[in-house]
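The following paragraphs walk through a protein model, beginning with a set of charged side chains and moving outward from there. Please keep the sequence and the coordinates at hand while reading.

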Amino acid sequence: MLMDRTEPKGIDPFEKITPSLGSATISMVNVEMAISDRGSPVAGKTFTFRAPPSAADTIAAAGVDVVTLANNHARDYGANALLDTISLLSERGVVVIGAGETDKDAFTPRTIRLDNGIDVAFIGAALVVPGGFAASPGRAGVADGNDRNRVIANVRVAAEKFDVVVVTLHWGTERATCPSSTHVTFAEELLDAGATAVIGHHPHVLQPVEFADGKVAVFSLGNFIWHPRTTITADTGVVELKFEETELVDVVFHPHSLDENGAPAPVSEGFRFDRIVDIVGGDCAKHQPPPTAAPTTTVPTTTTTVVESTTTTVPDVGTTTTAAVTTTTSSP
C-alpha cells in the first residue's frame with residue numbers, strides 16, 4: 001500500500017474497507033514506501049515513494065498487526081529511511097517482516113502468539129529487488145527471495161517450531177492476471193515445506209486464489225491503497241483466511257475497487273465485480289492485458305539459514321476461530 005498522497009492530505013484510506021482490518025485477529029499489509037522525513041530518492045530510480053512519519057499512526061490505528069517491507073520500494077529513500085520505517089511501525093506495536101538492518105534481520109520470521117497459545121509465524125521476501133536493496137551482513141535492506149533455497153529452508157524450520165506459517169512474497173510480472181509457472185511451482189514448494197498460506201503482490205492486478213487441502217496460494221492482491229486508478233489496476237480486495245485452531249478451513253475474498261483517492265471501497269455488482277470474481281476464481285487469461293515487463297526471477301542459490309524468531313502476544317478473538325485478513329499492494 002502507498003500513502004504518500006493520502007497521508008499529507010489527512011485522508012484515511014482504511015475507512016471504507018469491509019471487513020475492517022481491525023476486525024481480524026491478525027491483519028497484514030504490504031507497505032511499499034518509506035515512512036520517514038529523512039533521506040533522498042535513490043538515484044536513477046523512476047518511482048520513489050515516501051510518506052510522513054504520521055503514516056505509521058494511521059496504519060496502527062487501522063488495526064494492522066503485521067507489515068511486510070519486502071518489496072522494491074522500502075529502501076527508496078535510503079537505509080536511514082528504511083530503518084525509520086521499521087522503528088516507527090514497531091514502536092506502535094506493528095510487527096515488521098521482510099526487511100532489517102542485516103539480511104539475518106530481514107529473513108527472520110516474526111511470530112504472533114494468540115491467547116490460546118497458537119503461534120503464527122510470518123516470513124516476507126522479495127523477488128523484485130532493485131540494485132542495492134537486498135539486505136546483507138553489512139547493509140540494511142530487504143530479504144532477497146531470489147535465494148529461494150533460503151526462503152524454503154526458513155519455512156521448513158518455522159513449520160517445525162510454530163503452528164501456522166504465512167509467507168508473503170513480492171513477485172510476478174506487472175499487469176499479468178495469471179501467475180507464471182515459475183511462481184506456481186515456487187508457491188507449491190513453500191506449501192510443501194510447511195507454509196499454510198503464500199500471499200503475493202507486485203503485478204498491479206489481481207491474480208487467482210487457490211485454496212485446497214487446508215492451504216492457500218494468493219498470487220496477487222493488486223493495488224490495495226494506491227494512487228487513483230480507473231482501469232483493471234483499480235481492482236483489488238481483502239482476502240480473509242478463516243481458521244479453526246491451526247487448521248485453515250475457509251478463504252473468503254472481499255472485492256474492492258480504488259476510489260477517487262486511491263482508497264479501497266467494496267464492490268458487489270457490475271463489470272468490476274464480475275472481473276474480480278473471474279480472476280480470483282482462476283479464469284484469469286481472458287482478462288490478461290498485454291504484458292509490459294518480463295518476469296523478475298533469478299536462478300535459486302544453495303544458501304540455507306537457521307530460523308530465529310521474535311514473538312508478540314495478541315488477544316485471541318473468539319474461541320476456536322483465528323481470522324487473518326491479509327491485504328497487499330503492488331508497485332511500479
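In this predicted model, a network of salt bridges links D57, E91 and R92. Within that network, the closest N and O atoms of R92 and D57 are 2.5 Å apart. R92 sits in the loop between α2 and β5 (95-97) and D57 in helix α1 (residues 54-61), so their salt bridge ties together parts that are 35 residues apart in sequence. R92 has a relative accessible area of 31%, which means that R92 is partly exposed. D57, at 39% relative accessibility, likewise counts as partly exposed.

Other salt bridges involve buried residues. The side chains of R150 and D103 meet in one, with a distance of 3.0 Å from N to O. This pair links distant parts of the chain, since R150 belongs to helix α4 (residues 148-161) and D103 to helix α3 (residues 103-107), 47 residues apart. R150 is buried, at a relative accessible area of 10%, and D103 is buried too, at 15%.

D76 and K45 form a further salt bridge, in which the closest N and O atoms are 2.8 Å apart. Here the two residues lie in loops: D76 between β4 (66-68) and α2 (78-91), and K45 between β2 (34-35) and β3 (50-51), with 31 residues separating them. The relative accessible area of D76 is 0%, so D76 is buried. Over the whole structure, a search finds 11 salt bridges.

Where does negative charge gather on the surface? E188, E189, D192 and E210 form such a patch. Helix α5 (residues 181-192) supplies the largest share of the patch, 3 residues. One residue of this helix is E188, which counts as partly exposed because its relative accessibility is 45%.

A different kind of contact is found at P228, in the loop between β13 (215-218) and β14 (235-244). Leaving aside residues up to four places away in sequence, P228 touches R5, D259, E260, N261 and G262. The C-alpha atoms of P228 and A263 are separated by 7.6 Å, although the two residues are 35 apart along the chain. At 35% relative accessibility, P228 is partly exposed.

Turning to the protein as a whole, there are 6 helices and 18 strands. Of the 332 residues, 58% are buried. Among contacts between residues at least 6 apart in sequence, 74% join residues at least 24 apart. The accessible surface amounts to about 12,300 Å², and carbon and sulfur atoms account for 50% of that area.

Definitions and conventions. Residues numbered from 1 in each chain as written. Predicted model: local features only at pLDDT ≥ 70, side-chain atom pairs only at ≥ 80, totals over all residues. Heavy atoms only, no water. Patch = residues over 30% accessible without salt bridge, like charges linked within 9 Å, V, L, I, M, F, W, Y side chains within 5 Å. Areas by Shrake-Rupley, 256 points an atom, 1.4 Å probe, with all protein chains shown as cover. Salt bridge = Lys/Arg side-chain N within 4 Å of Asp/Glu carboxyl O. Lys, Arg positive; Asp, Glu negative; His and termini not counted. Charge placed at Lys NZ, Arg CZ, Asp CG, Glu CD. Helix = DSSP H or I, 4+ residues; strand = E, 2+ residues; numbered from the N terminus. Buried < 20%, exposed > 50% of the residue type's maximum accessible area, 1.4 Å probe, protein only. Contact = heavy atoms within 4.5 Å.
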